[in-house]
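Q: Please take a close look at a single part of this protein and explain, for a first-year student, how that part relates to its surroundings.

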Amino acid sequence: MGSVLARGTHPMLAGLGEKHGHRLVAVILAMIVLSVLDAFLTLELIHRGATEVNPVMAYYLSHGPLVFFAVKYFLTAAPILLVLIYKNVHLFGTRFQVKMILPILLIPLALTVQWEIFLFTCMK
C-alpha cells in the first residue's frame, strides 16, 4: 500500500515534494497579486457605480465583499495548487507539461486588470 503513493511511482504525483523553479514561483506570485488586484479593483469599480457582469461572481458579490473576495481568491489558488501537484505531467501525451499552463493564464488575468484600470480613467 505505501509503495503506491511513493514519489515517482505514478505520473500524476511526480511533482510532489520537488522544489519549484524560480520562474514558476514568479508566475504564481504574479497570478495571486493580479487576482487580488482584480478583486480590489472590481469592488472599487462597483463602489463607483459599475456592475459585475460575470453572473457567478455577481452572485457571490451579493453575499458581500468578503465572500466575493474569498471566492475570487479560491478560484485562483485552487487551480494553482492543482498545477503544482501535476506540474510535470505531460498534456495529452505531448511534450508540453501542465506547468506551462500558468504563464498562459497570466495573460488574460493581466488584461483584465489592465481593463479595470482603463475603466477607472473613464470614470474620473
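A: The part chosen here is D38, which counts as buried because its relative accessible area is 4%, under the 20% cut-off for that class. The model is a predicted one, and the discussion below proceeds from this residue outward.

D38 forms a salt bridge with K72, and the closest N and O atoms of the two are 2.7 Å apart. This pair links distant parts of the chain, since D38 lies in helix α1 and K72 in helix α3, 34 residues apart. Side chains of opposite charge can pair when their charged atoms come close. The partner, K72, is also classed as buried, because its relative accessible area is 17% and the limit is 20%.

A search of the whole structure finds two salt bridges. The other joins R48 to E44, with the closest N and O atoms 3.3 Å apart. R48 has a relative accessibility of 41% and therefore counts as partly exposed. E44, at 23% relative accessibility, likewise counts as partly exposed.

The helix that carries D38 deserves attention next. Helix α1 covers residues 22-47, which makes 26 residues. From its first C-alpha to its last it reaches 37 Å, close to the 38 Å expected at 1.5 Å a residue. Just after α1, G49 takes a positive phi of about 115°.

D38 is one of several buried residues in α1; among the others are L24, V27, I28, M31, L34, S35, A39, L41, T42 and L45. An α-helix has 3.6 residues a turn, so residues three or four places apart point the same way. The buried residues of α1 pack against α3 and α4.

Helix α4, residues 101-123, can be described in a similar manner. It has 23 residues and reaches 34 Å from its first C-alpha to its last, close to the expected 33 Å. Its buried residues are L102, L106, L109, V113, E116 and F120. What covers them includes α1 and α3.

Helix α3, residues 65-85, also contains F69. F69 counts as partly exposed because its relative accessibility is 32%. Together with V36 and Y73, F69 forms a nonpolar patch on the surface, and the accessible area of the three is about 230 Å².

The protein as a whole gives the setting for these details. It has four helices and zero strands, and along the sequence it follows the pattern α-α-α-α. Of its 124 residues, 28% are buried. Among contacts between residues at least 6 apart in sequence, 64% join residues at least 24 apart. The protein exposes about 8600 Å², of which carbon and sulfur atoms supply 73%.

Finally, the confidence of the prediction should be considered. The average pLDDT is 85, and 83% of the residues score at least 70. Over residues 1-7, however, the pLDDT is below 50, and this stretch has five contacts in the model beyond near neighbours in sequence. Where pLDDT is low, the predicted coordinates should not be read in detail.

How values were computed: Residues numbered from 1 in each chain as written. Predicted model: local features only at pLDDT ≥ 70, side-chain atom pairs only at ≥ 80, totals over all residues. Heavy atoms only, no water. pLDDT = per-residue confidence, 0-100. Contact = heavy atoms within 4.5 Å. Patch = residues over 30% accessible without salt bridge, like charges linked within 9 Å, V, L, I, M, F, W, Y side chains within 5 Å. Areas by Shrake-Rupley, 256 points an atom, 1.4 Å probe, with all protein chains shown as cover. Salt bridge = Lys/Arg side-chain N within 4 Å of Asp/Glu carboxyl O. Helix = DSSP H or I, 4+ residues; strand = E, 2+ residues; numbered from the N terminus. Buried < 20%, exposed > 50% of the residue type's maximum accessible area, 1.4 Å probe, protein only. Expected span 1.5 Å × (residues − 1).
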